[in-house]
Amino acid sequence: MVNPCKIVEEHKTYDIGTFDGKEVIYDFEKILIYLDVKGKMLFGNQFKIYEEDRPIILKLCHYFIKDKENCEKNEIDPNKGILLSGPVGCGKTSLMILLKNIVPLQKPYILIPSRNIVFGFNHIGYKTIEDYGCRQFFCFDDLGVEPIGRHYGKDCNVMGEILLSRHELFINHHIKTHGTTNLNAEELEDLYGNRVRSRMRELFNLVAFDQDTSDKRK
């Protein structure tokens, strides 16, 4: 049986917990060590885990490893997706790219910028919306800052339509969707409308950085 707590990177094995063949017990401090190593591999040697981010990383780790007890304490439904919100530069995108690596046996999601999806719509039209209504897991990055789509002179709130499709997939087939956003709930509702916003409540667990979190890109 494959040990989900052993992750191999560049011929080196990282233990992020213990596994007795039946039960997995994860170790958060060991997970942080692995995330720091993997982060430097993905983003360069300037990457670091910030002390101020430990609480939110811990909450996200509980979600990804499906720690039911701690998810319940944090009012997180492990069957829903994650919508990670916070100010510009706080590290949302990096974390969503990084954290899926601690659960290599789970179905991975593809992270794609929302604005790129809209650009695709502008070129090929409504097939773009159909393409994201599939059973692949996606993480839509920077929801809410994408432009309105336009194809042959007709405007379309592309990501709003895709979120409606993803909600149907979630309800009917338990297909997860994740996202990141700089916007708050009211701003998302202004952008996508009440109907989409109500579906987003069913689709996502909202996990939010503090609005005073520093811009790590400066």
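## Exercises on an open sheet

Phe140 stands opposite Gly179 in β10. Residues are numbered from 1 along each chain as its sequence is written. In this predicted model, local features need pLDDT of at least 70, side-chain atom pairs count only at pLDDT 80 or more, and totals for chains, interfaces and linings use all residues, while side-chain values use heavy atoms, leaving out hydrogens and water.

**Exercise 1.** Find the order of the strands in the open sheet.

*Solution.* Strands are DSSP runs (E, at least two residues; helices are H or I, at least four), numbered from the N terminus. Two strands pair if DSSP finds at least two bridges between them.
- Step 1: β6 and β7 (residues 137–143) run parallel, joined by 5 bridges. Here Leu111 faces Cys139 of β7, and Pro113 stands opposite Asp141 in β7.
- Step 2: β7 and β10 also run parallel, with 4 bridges.
- Step 3: The full order of the 5 strands is β6-β7-β10-β5-β11, with parallel pairing. At the edges are β6 (109–113) and β11 (204–208), each pairing on one side only.

**Exercise 2.** Decide whether β7 is largely enclosed or not.

*Solution.* Buried means under 20% relative accessible area, exposed over 50%, and partly exposed in between (1.4 Å probe, protein chains only). In β7, 6 of the 7 residues are buried, so the strand is largely enclosed by the rest of the structure.

**Exercise 3.** Name the strands that helix α9 lies across.

*Solution.* Helix α9 (residues 194–203) lies across β5 (81–85), β10 (177–181) and β11.

Technical notes
Contact = heavy atoms within 4.5 Å. Axes fitted to C-alpha atoms, helices over the stretch in contact; angles between N-to-C directions.
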